[in-house]
Amino acid sequence: MEKLNYATLEKSGYSGYILKDAPEKVLQFGEGNFLRAFVDYWFDLANENAGWNGKCVLVQPIAPGLAGMINEQEGLYTLYLRGSQNGQKVDDKRVISSVSRCLNPYEKAGFDAMMEVAVSDDLEYIVSNTTEAGIVYDPACALEDVPASSFPGKLTQVLYRRWKAGKKGLIILACELIDNNGKELLKCVNQYVAQWGLEPEFSNYVNHDCTFCGSLVDRIVPGRIRDPEEVAQLEQKHGYADPLLDVGEVFGVWVIEGDPKLNDVLPFRKAGLEDKVFVTPDMTPYKKRKVRILNGAHTGFVLGAYLGGFDIVRDCMNDPTILGYMNKMLLEEIVPILPLDQEDCKQFAAAVQDRFNNPFVNHELMSISLNSTSKWRARNMPSFLEYISLKGHLPTCLTMSFAAYIAFFSNDIQELTDKALICRRPKGNTYACSDDRWVLEFYYAHRNDTPEELVHAVMTNQQMWGQDLTQIAGFESATVENLKMIRTQGAIAAYKACL
């Protein structure tokens, strides 16, 4: 079976949109599954729907990478967006042609090619997703390095070369999963400007002619298909082999922080994607929406659901009690207190149900349970406290979620190992609680407590919550009763009691 390229694609009879030649307008640091299923997908739609007529040049952020494979396929790859939308199964295929090539800057030829792109009149944007560890300042980097080892170091080299060539400033879109990603990236670049003793005029170019935007990215990307039988079936169906085939969920939103005027500069609004990719002066509310609704839903129901005998998220969405509990928590306790358009939040919450019900992804509850103490504090406690402040009483489901959290970490504790706290599930099997070591030691030390003693100890542990939760009227007594219900009647019965 021949590998995918423009010639084999033509022979395969593919009838979808393809753009073979176009100016290289994007320099993209990162060539992995996520960016190819997200950023390059949006640019591909901009080509088709808005006549953007642009290509993305990818750059390997680290030495081992995909440059060879991408170039062998002339930048082409197959993308499947899979999931559930409005209750219907979706399995859409698209061949992405927005990528021109991929450079390996750790080879002299690749570094030189990157610098040629840097001074191109066609270049408009730099995009990055170099993982959470990518936006870091490494003082060991030097301007003369080929290349600088850190991503911000490489970016400074690229911008300096462009400035010296007298070319216009660029729009930089950071997609790394850290807070204030755009501001942190600019901060690192400015550190290199100072360390390397570069001209004040270049500093002005970086800070005023270039536009550094933070962004919030939201799409689950499982990546490549691992089942060899399915791979073989798809190759027969496609008429070509594609080792770069990528898989993402249907849902996708890219919130870019910056001057809203950029909506008229970026090609996405013109492509009809204004509800999927847009610029806002402050993305904090959208981050809050994602953390409170999507992540908050996960942390709010999975621990009790696991104790109730469930193992994967999709099965929970097919249980009327868990689904009803989650929806009540979202629509009555979380969404109403968010400082965003309520209809927008309700639509986001409805999309969460579809995303959790993805027939192609077996998302294990135990993987979501990792570090649940800090997760409940970050994702659920703000909604819990704001609800009480606004409504004057306890939110039923969020209050139960706290008891489910305690139950998960204290259910028939067996032992404390070097790696985890081992508990026993009601249906008989043991499970490993993974969290900060001090959290695990705390629960092990309180393994023989009565419900009253345990709840009081948890709530007064200010290292966990940053405050004494027993000071919240009625919370301690409600949690004791909820914990007893979970232990005697089961977590699903406790969830049902909330409805």
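Helix 18 (residues 451–459) offers a good place to start in this predicted model. Its buried residues are Pro-451, Leu-454, Val-455, Ala-457, Val-458 and Met-459, where buried means under 20% relative accessible area, exposed over 50% and partly exposed in between, with a 1.4 Å probe and protein chains only. The cover over these residues includes helix 16 (396–408), helix 17 (437–445), helix 19 (462–465) and helix 20 (475–489); contact here means heavy atoms within 4.5 Å. Helices (H or I, at least four residues) and strands (E, at least two) are DSSP runs, numbered from the N terminus.

Residues are numbered from 1 along each chain as its sequence is written. Local features need pLDDT of at least 70 and side-chain atom pairs count only at pLDDT 80 or more, while totals for chains, interfaces and linings use all residues; side-chain values use heavy atoms, with hydrogens and water left out.

Stepping back to the whole protein, the count is 21 helices and 14 strands. The radius of gyration, taken over C-alpha atoms, is 25 Å, close to the 23 Å from the globule rule (2.2 Å times the number of residues to the power 0.38) for 499 residues, so the protein is as compact as a globular protein of that length. The C-alpha trace spans about 70 × 55 × 45 Å along its principal axes. Of the 499 residues, 55% count as buried. Among contacts between residues at least 6 apart in sequence, 75% join residues at least 24 apart.

An open sheet of three strands follows the order 12-13-14, with antiparallel pairing. Strand 12 (415–416) and strand 14 (430–433) are at the edges with a single partner strand each, so one side of each has no neighbour in the sheet. Two strands pair if DSSP finds at least two bridges between them, and two bridges join strand 12 to strand 13 (residues 421–424). Glu-415 has Ile-422 of strand 13 as its bridge partner.

Aromatic rings are another feature to look for, with 36 aromatic pairs in the structure. Rings of Phe, Tyr and Trp (its six-membered ring) pair if their centres lie within 6.5 Å; planes under 30 degrees apart count as stacked, over 60 as edge-to-face and the rest as tilted. The ring centres of Phe-34 and Phe-38 are 4.9 Å apart with planes at 25°, so this pair is stacked. Phe-34 is buried at 18% relative accessible area, and Phe-38 is buried at 0%. Ring pairs also link a cluster whose members include Tyr-306, Trp-376, Phe-402, Tyr-431 and Trp-465.

Charges meet rings too: a charge sits over a ring if NZ of Lys or CZ of Arg is within 6 Å of the ring centre and within 35 degrees of the ring normal. Arg-82 lies over the face of Tyr-80, 4.9 Å from the ring centre, and the charged end of Arg-447 is over the ring of Tyr-444, 3.9 Å from its centre.

Two further residues round out the picture. Lys-290, in helix 10 (residues 284–307), is buried with a relative accessible area of 19%. Lys-290 and Phe-348 are 58 residues apart along the chain, yet their C-alpha atoms are separated by 8.5 Å. Asp-138 lies in the loop between strand 6 (125–128) and helix 6 (151–164) and is partly exposed, at 27%. Not counting residues up to four places away in sequence, Asp-138 touches Ser-149, Ser-150 and Tyr-192.
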